[in-house]
Amino acid sequence: MNSCDEQPDPEEKYVARGRKVEIVFEKGNYTLLRNGSPYFIRGGGGYDNFDKIKEHGGNSVRVWHTDDAQRILDEAHKHGLTVTLGLWMAPEKDGFNYYDKELVTQQFEELRKVVLQYKDHPALLMWGLGNELNLEASNTKVWDAVNDIAEMIDELDPDHPTATMLVGARTKLINLIAKKCPAIDVIAVNTFGAMANIPGKIRESSWAGPYIVSEFGPRGYWESYTTWWYAPLEQTSSEKAGFIKERYQRVVSVDTTRCLGGYVFYWGYKFEGTPTWFSLFTKSGEETEMVHAMHELWTGDTTKNKPPYIAYLKLNKTFGYENIYLKPQQEYEAAVYTFDPEGDSLRIEWELLPEVFDEHGNEGSPTDAKPLPLSLNNVADGKIRLRAPAKEGPYRLFVYVYDGQGNVGTANTPFYVNSAGMYTKRD
């Protein structure tokens, strides 16, 4: 098990060998082949709603671990989808020590068994080695472990390529992986607001192979503007759809020489920061405008019934970026400015949650965000009279706009309750 110091020549590494899935380099272009035919990844990252991926023109799903791998592979195969199957490698930020040879060997052997178990499944597309192993990490021995596992897979399962998933695309990091992980076939990048930088960073680096965008979506909460109490400002579902579409068209659709496709995040419902931040679907299954953006990108079809459009949300006639302060138990007006492109009748629901982001902008637990009683008056025409909570501190008001056609528009705004009408740092 040894890493090498030089990236293999693409002319030698990426040649057609007649494998089930392989990457071929020809005339300066990389092409992913599945059963001999070009296969561009149009995928969603998530564990459910596989029928919806197929319905909207997608062809693949990405998951981060193998805890439920048999169901995932079988379900994907049922719907004619492939799977980038994650092999979970413990990250350094969670306390794993890649200097500990015994621990590293134990992890290697566990993943070897997983590879042997699933390598012949017809839905398998490629292996994803770890996820964001560079996040809050400094021990470069992790890349030796990644390369060892890639070499093991190349021996046991030469029919499926390997990728390792990075957070962000720093040239220095990509150079390190090019040097220490010559057995890896694909660089995969999780990126959101900085997605447009990927092609340039790849070309600036010494990495000679292809890449995929393993996670992309709306602007992340870590790269968003915040209030004075560090509550990040979330885009409306309509803003997210436009954001995703623009980034995808600038990178994935255009970079036909190096990019093999990508996975939108998150294909389903996921409470991360808020219940709506990355969720392409509501908990009950309604589709946001982000789903419809992917439908257009994957199929070119623009005729599908569209979700409600949300222009903006105001509370006390104030935008979130202006820092909204309310006094305890006082009534204020909230208003959502929305319409339906097809003129469908709209139903509007409101929800109040305590803020989960702390005063350093760090994300808290979803268990800290149980809905609070919402005192509303005069609910009509997208406007309500909201009674502010009695307890001082940060909150977030959500609005959901349903069109009765299985679609939803979402928006929220943070606000701060204080008797002085201003933010004061809490103990």
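Which residue of β11 is the bridge partner of Ile41? It is Gly261, and this link is a good place to start our tour. The model is a predicted one, where local features need pLDDT of at least 70, side-chain atom pairs count only at pLDDT 80 or more, and totals for chains, interfaces and linings use all residues. Residues are numbered from 1 along each chain as its sequence is written, and side-chain values use heavy atoms, with hydrogens and water left out.

## The barrel

Strands of a sheet pair through backbone hydrogen bonds, either parallel or antiparallel. Here, eight strands form a closed barrel in the order β4-β5-β6-β7-β8-β9-β10-β11, with parallel pairing. Neighbouring strands of this sheet are turned by 25° against each other on average, direction ignored; the axes behind such angles are lines fitted to C-alpha atoms, and angles run from 0 to 180 degrees between N-to-C directions. Strands (E, at least two residues) and helices (H or I, at least four) are DSSP runs numbered from the N terminus, and two strands pair if DSSP finds at least two bridges between them.

Some of the strand pairs are set out below, together with a hairpin pair.

| Strands | Sense | Bridges | Opposite residues |
|---|---|---|---|
| β4 (residues 41-45) and β5 (residues 60-63) | parallel | three bridges | Gly43 and Ser60 |
| β4 and β11 | parallel | five bridges | Ile41 and Gly261 |
| β10 (residues 211-216) and β11 | parallel | three bridges | Val213 and Gly262 |
| β16 (residues 376-380) and β17 (residues 383-387) | antiparallel | three bridges | Asn377 and Arg385 |

In the hairpin of β16 and β17, two residues lie between the strands, and Asp381 in the turn has a positive phi of about 50°.

## Covered parts

Let us return to β11. Seven of its seven residues are buried, where buried means under 20% relative accessible area, exposed over 50%, and partly exposed in between (1.4 Å probe, protein chains only). Helix α9 has nine of its 11 residues buried, so the rest of the structure largely encloses it. Among these buried residues are Glu289, His292, His295 and Trp298. Just after α9, Gly300 takes a positive phi of about 80°.

## Aromatic rings

Rings of Phe, Tyr and Trp (its six-membered ring) pair if their centres lie within 6.5 Å; planes under 30 degrees apart count as stacked, over 60 as edge-to-face and the rest as tilted. By this rule there are 27 aromatic pairs. The Phe25 and Tyr30 pair is tilted, because the ring centres are 4.7 Å apart and the planes stand at 45°. Both Phe25 and Tyr30 are buried. Trp267 and Phe281 make an edge-to-face pair, with 5.3 Å centre to centre and 75° between the planes. These two residues lie in the loop between β11 (259-265) and α9 (289-299), so their pair ties together parts that are 14 residues apart in sequence. Trp267 has a relative accessible area of 0%, and Phe281 has one of 2%. One aromatic cluster includes Tyr47, Trp64, Tyr221 and Phe357.

## The largest pocket

How many residues line the largest pocket? There are 27, of which Asn131, Glu132, Leu135, Tyr221 and Glu272 lie nearest its centre. The lining divides into 13 nonpolar, seven polar and seven charged residues. Its volume is about 720 Å³. A pocket is an open set of points on a 1 Å grid over the protein atoms alone, where a 1.4 Å probe fits, with protein on both sides within 12 Å along at least five of seven lines; lining residues have an atom within 4 Å of a point. Asp, Glu, Lys and Arg count as charged; Ala, Val, Leu, Ile, Met, Phe, Trp, Tyr, Cys and Pro as nonpolar; and the others, Gly among them, as polar.

Note on methods: Points joined across faces, edges and corners; volume = space filled by probe spheres on them.
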